[in-house]
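Biologist: I am new to this structure and would love a close look at one part of it. Could you take me through the place where the two chains come together, and then show me what lies around it?

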There are 2 protein chains.
Amino acid sequence: MGKPQKNAISPTRVEDYPEWYQQVIKASDMAERAPVRGCMVIKPWGYALWENIVAQMDRMFKATGVKNAYFPLFIPINFLEQEAEHVEGFAKECAVVTHHRLEKGPEGGLVPGGPLTDPLVVRPTSETIIGDSFSKWVSSYRDLPLLINQWANVVRWEMRTRIFLRTSEFLWQEGHTAHATDTEAIERTHMMLKVYTRMVQDYLAIPVIEGRKTAAERFPGAVDTLCIEAMMQDRKALQAGTSHFLGQNFAKASGIRFQTEKEAEDFAWTTSWGTSTRMIGGLIMTHGDDDGVIMPPRVAPAHVVLLPIYRKPEEREQVMAYVSELADTLRKIRYADRDLVVEIDDRDIGGARGWDWIKKGIPLRVEIGPRDMAKDSVFVGRRDHGHREKTAMPREAFISGLTDILDEIQDHLFQRACRFRDDNTRKVDDREEFYAWFTPKSVEKPEIHGGFALSPWCGDAACEATIKEDLNVTIRCIPLDREEEKGKCICCGKPSNGRVVFAKAY
Amino acid sequence: MGKPQKNAISPTRVEDYPEWYQQVIKASDMAERAPVRGCMVIKPWGYALWENIVAQMDRMFKATGVKNAYFPLFIPINFLEQEAEHVEGFAKECAVVTHHRLEKGPEGGLVPGGPLTDPLVVRPTSETIIGDSFSKWVSSYRDLPLLINQWANVVRWEMRTRIFLRTSEFLWQEGHTAHATDTEAIERTHMMLKVYTRMVQDYLAIPVIEGRKTAAERFPGAVDTLCIEAMMQDRKALQAGTSHFLGQNFAKASGIRFQTEKEAEDFAWTTSWGTSTRMIGGLIMTHGDDDGVIMPPRVAPAHVVLLPIYRKPEEREQVMAYVSELADTLRKIRYADRDLVVEIDDRDIGGARGWDWIKKGIPLRVEIGPRDMAKDSVFVGRRDHGHREKTAMPREAFISGLTDILDEIQDHLFQRACRFRDDNTRKVDDREEFYAWFTPKSVEKPEIHGGFALSPWCGDAACEATIKEDLNVTIRCIPLDREEEKGKCICCGKPSNGRVVFAKAY
Ligand SMILES: [Zn+2]
Ligand SMILES: [Zn+2]
């Protein structure tokens, strides 16, 4: 597959991880910066991945009784004023619409005209406007639970942006539910976290730790924030999804009242939960290598690319006929709730062709030339293996074993990511060791360092703040399955009941 | 099913069509006005319909090689300045973002802060920003054709709004393609019109006329605008989709250049095509009756509602077990690329229960009580039949015949709509007759009148303008399949080569 080449992506992960990330996205053709500050264009290869994630997750939501709806893009400013705490968290940096017309300006160009009496905010989240609807939709316990999800674009004005990880506009889903009892709302909070875990682990092949945020890291206004935390290959944490139990706080702010079975009046108990295109950043940083992206088969935009090989023009017709027929056969196979997506690439560009698909991370590359045809075999390269490691397989065996191979790749990616995370997770009980681990040796250009430190914490926000201040390390979560364990706080030495996950984070 | 009731919706279509439309939407629980001027909240029942439309149409797009992508919500003002003609058509009334922060104002509330040097427009269409991307993505004939579609929300500041038909924000898809030759682009323009026709006729069960817009009604900047036009039950036309051949105009404005096979440089030939949530308004106005919405089975949010009937509490368990089992059986049946969606409604609200589902337009209502169970039969009401017209059917026959019944309903709705349209379409050759037909008898509260007039036109824009001015009647389209026919222009009497479709329109 082309002339010798060390790696497709420069710099490598070790050389410069942030720059590697940008280059991988470029090389895979998934997305690019938009001409609008802080925004991105999601290109077909990246968007198809998003569509697959959406389709799977949407199916999981619906299986729990959730229904989709759509709420307006614009939010009246006074909606945000109602919820002071919420605004502190979110709406400070957001796009504000103040005019509803363009007019010819004095210098010929277009200028804003038609000022609005009440400016509108472009939703940074739909929390408040969904709350307003809920207050109208709910009047009796019979209307509960109300289980609503929205797939939409949101805008948060970001100063430093990175494609998929932090952009001014991004795509996401936000679920909002209202319940008659706290028990039911808490159950729902956990249920949706489990859906996220299932999605991220079983489909994106990213291992996560399920946990609870500390008060300092909690969603503004939430009683309890659950999250899933994953480790990227620079050993930083990425929060891949959150699920909030909002108690009655949100219902009080939005006026979601209902008549109980006993004819009393009460406020509903609500939850909210969200994930976004950020997951794509997590997928790239979990599986990508120095040759590009690696797509987990269950969400891959395409599963197999067929690469016809012919030297003489007269071979072309034969090879293409064989390839087309194989593609038709493969496209009838179902895998992870989809028909297999098969690409045929017959561009005459030499070795660059195979490399293009390696960089895009397609799970399987299949070369087919006259010699393979003569033996009725195919020459298969797996993206999770080295790029030279290719195997000849009888055509029939390849077809009948294809979904197993894809499952193997899916599993391999997950296991590899688990191993990486475990290798970079340590129980740290000593303050000096903790500080040393989270301090890069090179200050100018920090090397990849640290990881997940499982360390005792006394529960005091002051200790949490000190560590954040000193090292830019935060408590990612208190694992839901942690065991009680007597210890001494990694910061102050006071008694601790158990370990929490400390890490640098995206 | 409840006590005698003449009609579920008041006023009826004949009494007050526009008000009937609002009441039907309310009664069906599909959508409601948002607290933001001119915007709507699409509720679960309405949004599920949209999801089904999206899924089907998306499949059709992809089958023609189109890929989805996502472009930013915001458009720099100077992008709109580039295309003068385009701006005249669209961008005058649009939301303008001028600030990127909210700050505490002098009176305590929040006010816009952080003024932008260059204001941004919330996309009224993504034409220009997609053009910018295309100009970067295309450099050689090898990059063509480029076939891209986007599903997104767009904003056009509307003063008079009606849910689904004209709202400040709506959901839509816009397809954009670039080609190396005019022939190929023209073919694509027609191909996508055919996709729309198939979607609207075969799935929404709305008959359409495929045609070409006159120069006056053409999309700004287009060389040719094709459209599909449907007749609503107030006999007005609704444009349900458009497909534009843009020649090289758009490529010139956006700089979409490519190197040809002969190594010359040329501008690409482009097309664009779009449909929106407006189709839902069309569906309601085509099929709805004085009892509410009627959902065509192929896109219905749900296909069947099971209504358990029991008088004594001890019957409940038995009936519910029977109903659940039936639901499970039905949910395994595939229909129109989906698993059947089956609702169970066991609310204890008497006759209102059945009426709720009639108003929502679910294709089939199935009552099941102890007597039905004893005979192993079900009691079935079809939404396309009168609400009293219900039939007992053996359970097995119902299950095995279900997809046939749904097909029958789908077909019946389409045939009924065809009949209605044909009954209200006339060849009109006489100017007086034309004016009389399009003039309501009651001026104060115009009754339903007019329809589609197939009348000769000389081709002169002045005649078109006169008729629009006099009657608010426009040329909806020049039918693609019209026959040459010598005649005299309905307006000026000069020679005409064929008939065009005149109508009042949404
Ligand atoms: Zn401490
Ligand atoms: Zn004329």
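**Where the chains meet, and beyond**

Modeller: Happily! Let me start with a single pair inside one chain, as a warm-up for the eye: R383(B) and D289(B) join their side chains in a salt bridge, with N and O 2.8 Å apart. Please keep in mind that this is a predicted model. Over all chains, the count of such salt bridges comes to 65.

Now to the meeting place itself. Here 64 residues of chain B are in contact with 64 residues of chain A. Between them the two chains bury about 5100 Å², and 66% of that area is on carbon and sulfur atoms. On the chain B side, the residues that lose the most area to chain A are Y70(B), H100(B) and L102(B), which together account for 13% of what that side buries.

There are charged and polar links here too. Six salt bridges are found across the interface of chain B and chain A. One to look for is K67(B) with E343(A), whose side chains meet at 3.3 Å, N to O. Polar contacts between chain B and chain A number 30 residue pairs.

Next, look at the nonpolar side of the picture. The largest nonpolar core has 84 residues, and those with the most contacts inside it come from both chains: F74(A), V97(A) and V122(A), along with F74(B), V97(B) and V122(B). V97(A) is a good residue to click on. Within chain A, V97(A) touches F74(A), L116(A), P119(A), L120(A) and V122(A), leaving aside residues up to four places away in sequence. From chain B, A95(B), V96(B), V97(B) and V122(B) also touch V97(A).

A little further along the sequence of chain A, R101(A) and E103(A) form a salt bridge, with their closest N and O atoms 3.6 Å apart. R101(A) has a relative accessible area of 27%, so it counts as partly exposed. E103(A) is partly exposed as well, because its relative accessible area is 33%.

Finally, let us visit the metal sites. In chain A, the zinc ion (ligand 1) is held by the SG atoms of C458(A), C463(A), C489(A) and C492(A), at 2.2 to 2.4 Å. The angles among these four donor atoms run from 104 to 116°, so the arrangement around the zinc ion (ligand 1) is tetrahedral. For comparison, the ideal angle for four tetrahedral donors is 109.5 degrees. Two of the cysteines are worth a separate glance: C458(A) counts as partly exposed because its relative accessibility is 25%, whereas C463(A), at 5%, counts as buried.

Chain B has a zinc site too: C458(B), C463(B), C489(B) and C492(B) coordinate the zinc ion (ligand 2) through SG atoms at 2.2 to 2.3 Å. The site of the zinc ion (ligand 2) is tetrahedral, with angles of 104 to 117° among its four donor atoms. Along the sequence, the donor residues are spaced C-x4-C-x25-C-x2-C for the zinc ion (ligand 1), and the spacing for the zinc ion (ligand 2) reads C-x4-C-x25-C-x2-C.

Note on methods. Residues are numbered from 1 along each chain as its sequence is written. Chains are lettered from A and ligands numbered from 1 in the order in which they are written. This is a predicted model: local features need pLDDT of at least 70, side-chain atom pairs count only at pLDDT 80 or more; totals for chains, interfaces and linings use all residues. Side-chain values use heavy atoms; hydrogens and water are left out. Donors are N, O and S atoms within 2.8 Å of the metal (3.2 Å for Na, K and Ca); water is not among the atoms, so sites may look incomplete. Four donors count as tetrahedral if all angles lie between 85 and 135 degrees; four count as square planar and six as octahedral if opposite donors are over 155 degrees apart and all others between 65 and 115; anything else is irregular. Buried means under 20% relative accessible area, exposed over 50%, partly exposed in between (1.4 Å probe, protein chains only). A nonpolar core is a set of buried Ala, Val, Leu, Ile, Met, Phe, Trp, Tyr and Cys residues joined through side-chain atoms within 4.5 Å. Contact means heavy atoms within 4.5 Å. Buried area is the accessible area (1.4 Å probe) that two parts lose on being put together, summed over both. A salt bridge is a side-chain nitrogen of Lys or Arg within 4 Å of a carboxyl oxygen of Asp or Glu. A polar contact is a pair of N or O atoms within 3.5 Å; within protein, one must be able to donate a hydrogen and the other to accept it, and residues adjacent in sequence count only if both atoms are side-chain atoms.
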